[in-house]
Amino acid sequence: DKPHALHQNSRLLRGREMTRPVLRTEVCDILGIEYPILQGAFGTGGGPKLYAAISNAGGLGMIGSGRRAPDLIVQEIRETKELTDKPFGLNIVIRRPHEPEYGIYRKFIQMVIDEGVKVVSTGAGDPTEVVSIMKEHGVKVLPVTSGVGHAIRVEKAGADMVVSTGLEGGGHVGDLATLPLIPQVADAVKIPVIAGGGIADGRGMAAALALGAKGVQMGTRFGCTEECCAHINYKQAIVDADDRCTVIMGRAFRDPSRGMLNPYSKRLLEMEAAGASREEYIKYNANRSIMGFYEGNVTDGRILFGQVAGLIHDIPTCEEVVQHIVKEALEVMNAMGQTAAKGSSA
């Protein structure tokens with residue numbers, strides 16, 4: 001069995017009232033949430049039950065649009081509204097006018113306005129257009145970045161805060177690890193920084209705050225919860241994972257992503273080494289995410305999750321996850337303060 005199992009704490013949380021701990025930063029005030037804990041959006045989606053459960057637990061649920069149909073996203077927004085009166089967001093991948101998906105991208109922007117979504121996170125590209133439009137409608141914009149230069153640019157564009165993610169995270173990744181990335185970004189910008197990549201418990205949250213972040217974003221941890229609509233095989237793959245369970249694939253095709261090391265990803269790495277074309281890569285990848293996330297095919301499917309999977313040991317509710325992380329973060333920070341105080345008096 002893995003040590004430090006979350007389910008040991010989860011059992012304590014079930015079935016009895018507990019005083020809710022307090023852990024607030026300016027992120028909470030900007031977004032109107034209780035805790036500075038955000039969900040990393042899944043391109044395949046996590047389901048309205050997941051988004052609402054995270055928001056109801058005090059964090060911020062985030063609907064992933066990915067390459068999904070706008071009509072489906074509208075439906076998810078409305079279903080999420082029925083399940084929570086708390087803020088939640090929509091992740092939009094930025095497209096340029098010459099790209100085939102630019103029209104859908106613009107539909108997503110209008111959808112945010114029409115449906116009254118209060119928060120938008122963006123991936124890829126220059127968010128200036130999105131920020132300009134959203135500010136007119138009181139929508140907060142949180143671009144997701146993986147480097148200092150990009151973070152500086154989104155601040156200049158008028159973003160409310162920046163999400164900086166290290167290469168430890170699942171899904172699309174950059175080149176820098178979380179530990180060196182976050183303090184560099186925090187030193188470079190004045191807007192609040194949200195740390196993502198490699199965070200799944202209170203120790204990670206305490207570390208992120210110590211590095212200068214004002215909150216955390218988690219994808220893999222929330223993907224392995226009761227409310228997430230992913231197949232049980234996907235969740236069990238996370239529970240069974242160890243510290244060597246993931247690999248970055250697709251770099252040669254300008255699409256680096258971290259996911260489970262399985263026959264699918266091994267074949268993809270072989271294709272990269274053999275010099276396969278991007279067209280061959282796209283053809284090989286077709287429907288693989290659906291196969292892995294929704295159908296639970298852990299052999300031939302694209303199973304995206306981060307290195308932090310080795311720290312995840314069970315499938316709790318989102319409420320249990322949030323409460324455990326906040327409590328543990330406070331305990332860690334308090335213990336560090338006591339240790340520092342003892343050291344200074346020695």
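In this predicted model, His172 sits across from Ser257 of strand S11. That pairing belongs to the contact between S7 and S11 (residues 257-260), two strands that run antiparallel and are joined by two bridges. Together with S10 they make an open, three-stranded sheet with antiparallel pairing, and the order is S7-S11-S10. Strand S7 (171-172) and strand S10 (246-249) are the edge strands; each has a single partner strand, so one side of each has no neighbour in the sheet.

Elsewhere, the pairing goes the other way. Strand S5 (residues 140-145) lines up with S6 in the parallel sense, again over two bridges. Val144 has Val163 of S6 as its bridge partner. In general, strands of a sheet pair through backbone hydrogen bonds, and either direction will do, parallel or antiparallel. Strand S6 (residues 162-165) is covered on both faces: Val162 and Ser164 are buried on one side, and Val163 and Thr165 are buried on the other. As a rule, side chains in a regular strand alternate between the two faces of the sheet.

Two of those S6 residues turn up again around Gln217, a residue of strand S9. Setting aside residues up to four places away in sequence, Gln217 touches Val163 and Thr165, and also Val144. The rest of its contacts are Leu38, Gln39 and Gly40, plus a run made up of Ile194, Ala195, Gly196 and Gly197. Gln217 has a relative accessible area of 15%, so it falls under the 20% limit and counts as buried.

Strand S9 also feeds the largest nonpolar core. This core holds 41 residues, and those with the most contacts inside it are Ile37, Met205, Phe222 and Phe305. Two or more residues come from each of helix H3 (48-56), helix H9 (202-210), strand S9 (215-218), helix H11 (232-239) and helix H15 (318-345). H15 gives the most, with six residues. Met205 shows how the pieces come together: leaving out neighbours within four places in sequence, it is in contact with Leu23, Pro36, Ile37, Ile199, Val216, Ile325 and Ala329. There is also a second, separate core of 23 residues, including Leu90, Tyr105, Val120 and Val141. Nonpolar side chains of soluble globular proteins do tend to be buried together.

On the charged side, the count comes to 12 salt bridges. Three of the residues involved, Arg20, Glu34 and Glu319, are linked in a network. In one arm of it, Arg20 bridges to Glu34, with the closest N and O atoms 2.8 Å apart. Arg20 lies in the loop between helix H1 (6-13) and helix H2 (26-31), while Glu34 lies in the loop between H2 and strand S1 (37-39), so the pair links distant parts of the chain, 14 residues apart. In the other arm, the side chains of Arg20 and Glu319 meet at 2.9 Å, N to O. That bridge spans 299 residues, from the H1-H2 loop to helix H15. The members of the network are partly exposed: Arg20 has a relative accessible area of 33%, Glu34 has 28% and Glu319 has 32%.

A contrasting case is the salt bridge between Glu76 and Arg68, where the closest N and O atoms are 2.9 Å apart. Here both Glu76 and Arg68 are buried. In general terms, side chains of opposite charge can pair when their charged atoms come close.

Stepping back to the whole chain, the protein has 15 helices and 11 strands. Its radius of gyration is 19 Å, close to the 20 Å that the globule rule gives for 346 residues, so the protein is as compact as a globular protein of that length. Along the principal axes, the C-alpha trace spans about 65 × 50 × 40 Å. Of the 346 residues, 53% count as buried. Among contacts with a separation of 6 or more, 63% join residues 24 or more positions apart. The exposed area comes to about 15500 Å², with carbon and sulfur atoms supplying 52% of it.

Definitions and conventions. Residues numbered from 1 in each chain as written. Predicted model: local features only at pLDDT ≥ 70, side-chain atom pairs only at ≥ 80, totals over all residues. Heavy atoms only, no water. Core = buried A, V, L, I, M, F, W, Y, C linked by side-chain atoms within 4.5 Å. Buried < 20%, exposed > 50% of the residue type's maximum accessible area, 1.4 Å probe, protein only. Helix = DSSP H or I, 4+ residues; strand = E, 2+ residues; numbered from the N terminus. Contact = heavy atoms within 4.5 Å. Salt bridge = Lys/Arg side-chain N within 4 Å of Asp/Glu carboxyl O. Rg over C-alpha atoms; globule rule 2.2 N^0.38 Å. Areas by Shrake-Rupley, 256 points an atom, 1.4 Å probe, with all protein chains shown as cover. Pairing = 2+ DSSP bridges.
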